[in-house]
Amino acid sequence: LLILSLPHEEKMNQAFARLQLEDDVSFRNNIFMYSTSSGKSRLYTEDGQNETRCRVHALNVLRAIILDAPLATLISPLVGDAIVSSILGYNDSAWGIRNSSTMVFSAAMLRVVDADKNASNRDKTSSNAITITELFRRYPPLSKFIPSILRVCLEEMELDGNVKSEMFPILLLLSRVQPISGGDSSLAISAELVPLLLRCLGSKDIGIRHAA
């Protein structure tokens, strides 16, 4: 199901190239939890086999599974994969995929980051939210994926002046996690994310500044 929710192989290679991760073979082979499972001969669908309708259905089913309470324990290790899949979908040319990706991301936020449905209506982070350190500990690929895509989006936006849609879910995620506490791992995360967030605060676009 996760494989069907992702772009086909050629588009995934283009995404890795855009994120400047095409040479990081270890990251590419282990970015998704399902890729470490035995018996997986292909990580992505073949070029031309993943129709828009098929991907939209996969994303919608994935959202339903994430929100299904009885499956919470089983699906928890794979929610990081769903977050990556949904963020990649924000940049798709098809509206249906962008719409379904938004719903998958929202479901993942409720299941993993912050279960408070009204959190966005308040200025402070919910006490139930996890820390960014814990999020990256549970889903290690996110610690490289999130800064990489935020950095690339900033570079592209500063170059062509167009706001990149993937920035909004990432900034929302970072705004809902608990503040970073002390510790070597937390300091390393801060050293990578804080400069990127400061660049967002200096953006010409008011939406990006507000989200940051």
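User: Is Cys-200 buried or exposed?
Analyst: This is a predicted model: local features need pLDDT of at least 70, side-chain atom pairs count only at pLDDT 80 or more, and totals for chains, interfaces and linings use all residues. Residues are numbered from 1 along each chain as its sequence is written, and side-chain values use heavy atoms, with hydrogens and water left out. Buried means under 20% relative accessible area, exposed over 50%, and partly exposed in between (1.4 Å probe, protein chains only). Cys-200 has a relative accessible area of 0%, so Cys-200 is buried.

User: How many disulfides does the structure hold?
Analyst: A disulfide is a pair of cysteine sulfur atoms within 2.5 Å. For Cys-153, the closest cysteine sulfur is in Cys-200, 9.1 Å away, which is too far for a bond. Cys-153 also counts as buried, at 0% relative accessibility. The number of disulfides is 0.

User: How many helices does the protein have?
Analyst: Helices (H or I, at least four residues) and strands (E, at least two) are DSSP runs, numbered from the N terminus. The protein has 0 strands. Its helix count is 12.

User: Which residue in the loop between helix 1 and helix 2 has its C-alpha atom 8.4 Å from that of Ser-86?
Analyst: Helix 1 covers 2-5 and helix 2 covers 9-18. The residue in question is buried, with a relative accessible area of 1%. Along the chain, 80 residues separate it from Ser-86. It is Leu-6.

User: What share of the protein's accessible surface do carbon and sulfur atoms supply?
Analyst: Accessible areas come from the Shrake-Rupley method with a 1.4 Å probe; for residues, only the protein chains shown count as cover. The protein exposes about 10900 Å². Of its 212 residues, 42% are buried. Carbon and sulfur atoms supply, of the exposed area, 53%.

User: Which helix gives the most to the lining of the largest cavity?
Analyst: On a 1 Å grid over the protein atoms alone, a cavity is a set of points where a 1.4 Å probe fits but cannot get out, and lining residues have an atom within 4 Å of a point. The lining consists of Met-12, Ala-15, Phe-16, Leu-19, Ile-31, Leu-88 and Phe-145. One helix gives 3 residues. That is helix 2.

User: How many residues in the lining of the largest cavity are nonpolar?
Analyst: Ala, Val, Leu, Ile, Met, Phe, Trp, Tyr, Cys and Pro count as nonpolar, Asp, Glu, Lys and Arg as charged, and the others, Gly among them, as polar. The lining has no polar and no charged residues. The nonpolar count is 7.

Key:
1 Å grid on protein atoms, 1.4 Å probe; cavity = no way out; pocket = protein on both sides within 12 Å on 5 of 7 lines; lining within 4 Å.
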